[in-house]
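Here are my notes on this one, as numbered points. Have the viewer open while you go through them.

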Amino acid sequence: DILIAHYLGLDHAGHLSGPHSTLTNFKKKQVDELLQITYERLFQQQTNTIMDDTVLILCSDHGMNERGN
């Protein structure tokens, strides 16, 4: 089984309003919460043992300057 999640909102917010804007900070918190929930659910399904047969890979595509480029 495989799950691929692509959260484009953070990238869009950063390009739109820069890396330190209120919108970008909100989106960063939102992605953090989604990752936390994903990790916790995977952990619970393994009957409280670390996920021996599961790999969680997190990737990012780039950083940005102060103007969102």
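1. Let's start with Ser21, and keep in mind that this is a predicted model. Ser21 counts as buried, because its relative accessibility is 15% and the cut-off for buried is under 20%. As for where to find Ser21, look in the loop between helix 1 (8–17) and helix 2 (22–45).

2. What does the side chain of Ser21 pair up with? There is a polar contact of 2.7 Å between the side chains of Ser21 and Ser17. Helix 1 runs 8–17 and helix 2 runs 22–45, so if you want to check the pair by eye, go to the loop that separates them.

3. Next up is Thr24, which sits in helix 2. Is Thr24 buried or exposed? Buried: its relative accessible area is just 4%, and anything under 20% gets that label.

4. Thr24 also has a polar link to the backbone: its side chain reaches the backbone oxygen of Gly18 at 2.7 Å. Once you set aside neighbours within four places in sequence, the contacts of Thr24 are Leu10, Ala13, Gly14, Ser17, Gly18 and Pro19. Ser17 therefore turns up twice in these notes, as a contact of Thr24 and as the side-chain partner of Ser21.

5. His12 belongs to helix 1. With a relative accessible area of 51%, His12 is exposed, since the threshold for that is over 50%. Between His12 and Thr24 there are 8.6 Å in space, C-alpha to C-alpha, and the two are 12 residues apart in sequence.

6. Now for the surface. Which residues make the nonpolar patch of about 310 Å²? Leu16, Leu23 and Phe26 do. Of these, Leu16 lies in helix 1 and is exposed, because its relative accessible area is 58%, over the 50% mark.

7. Finally, the chain as a whole. DSSP-wise you get two helices and zero strands. Of the 69 residues, 14% are buried. The accessible surface comes to about 6,000 Å², and carbon and sulfur atoms hold 55% of that.

8. One last number, on contacts in the chain: taking those with a separation of 6 or more, 43% are between residues 24 or more positions apart.

Notes:
Residues numbered from 1 in each chain as written. Predicted model: local features only at pLDDT ≥ 70, side-chain atom pairs only at ≥ 80, totals over all residues. Heavy atoms only, no water. Helix = DSSP H or I, 4+ residues; strand = E, 2+ residues; numbered from the N terminus. Buried < 20%, exposed > 50% of the residue type's maximum accessible area, 1.4 Å probe, protein only. Polar contact = N/O pair within 3.5 Å; in protein donor to acceptor, adjacent residues only side chain to side chain. Patch = residues over 30% accessible without salt bridge, like charges linked within 9 Å, V, L, I, M, F, W, Y side chains within 5 Å. Areas by Shrake-Rupley, 256 points an atom, 1.4 Å probe, with all protein chains shown as cover. Salt bridge = Lys/Arg side-chain N within 4 Å of Asp/Glu carboxyl O. Contact = heavy atoms within 4.5 Å.
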